Amino acid sequence: KGDTALCDVVSDALSKGDKVSWKGFGNVEVRTRSERTGGYPRTEETMTIAESKATECKASSALKKAVNK
């Protein structure tokens with residue numbers, strides 16, 4: 001139940017465009033990826049990839065140190 005509630009709170013904040021920060025853990029925010037041209041390797045056909053949003057996570061230095069012990 002607690003993990004679902006946490007996911008709901010984080011999802012709501014990110015959908016509003018807010019940045020979520022946890023002291024000792026890191027930051028999560030939404031970044032907009034602009035429209036770009038991509039290619040299908042098998043046919044070498046080019047296509048336009050639409051603008052999209054993606055989450056970006058950055059670990060805090062404390063978390064990095066704990067992982068690398």
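**Note on Met47, Ser60 and Phe25**

1. Start with Met47. Setting aside neighbours within four places in sequence, Met47 is in contact with Arg36, Thr37, Gly38 and Tyr40. This is a predicted model, so read each point below as a statement about computed coordinates.

2. Met47 belongs to strand β4, which covers residues 45–49. One of its contacts is Thr37. The C-alpha atoms of Met47 and Thr37 are 5.7 Å apart, although ten residues separate the two along the chain.

3. Is Met47 buried or exposed? Neither label fits: its relative accessible area is 38%, so Met47 counts as partly exposed. The partly exposed class runs between the 20% and 50% cut-offs.

4. Next, Ser60. This residue sits in the loop that links β5 (52–59) and α2 (61–67). Its relative accessibility is 17%, and Ser60 therefore counts as buried. The cut-off for buried is under 20%.

5. What does Ser60 touch? Not counting residues up to four places away in sequence, Ser60 touches Gly24, Phe25 and Gly26. With Gly24 there is a polar pairing to check on screen: a polar atom of the Ser60 side chain lies 3.2 Å from the backbone oxygen of Gly24.

6. Phe25, one of the residues touched by Ser60, lies in the loop between β1 (20–22) and β2 (26–33). Phe25 has 44% relative accessibility, so it counts as partly exposed.

7. Phe25 also has a place on the surface. Together with Leu6 and Trp22, Phe25 makes a nonpolar surface patch of about 280 Å².

Key: Residues numbered from 1 in each chain as written. Predicted model: local features only at pLDDT ≥ 70, side-chain atom pairs only at ≥ 80, totals over all residues. Heavy atoms only, no water. Helix = DSSP H or I, 4+ residues; strand = E, 2+ residues; numbered from the N terminus. Buried < 20%, exposed > 50% of the residue type's maximum accessible area, 1.4 Å probe, protein only. Polar contact = N/O pair within 3.5 Å; in protein donor to acceptor, adjacent residues only side chain to side chain. Contact = heavy atoms within 4.5 Å. Patch = residues over 30% accessible without salt bridge, like charges linked within 9 Å, V, L, I, M, F, W, Y side chains within 5 Å. Areas by Shrake-Rupley, 256 points an atom, 1.4 Å probe, with all protein chains shown as cover. Salt bridge = Lys/Arg side-chain N within 4 Å of Asp/Glu carboxyl O.
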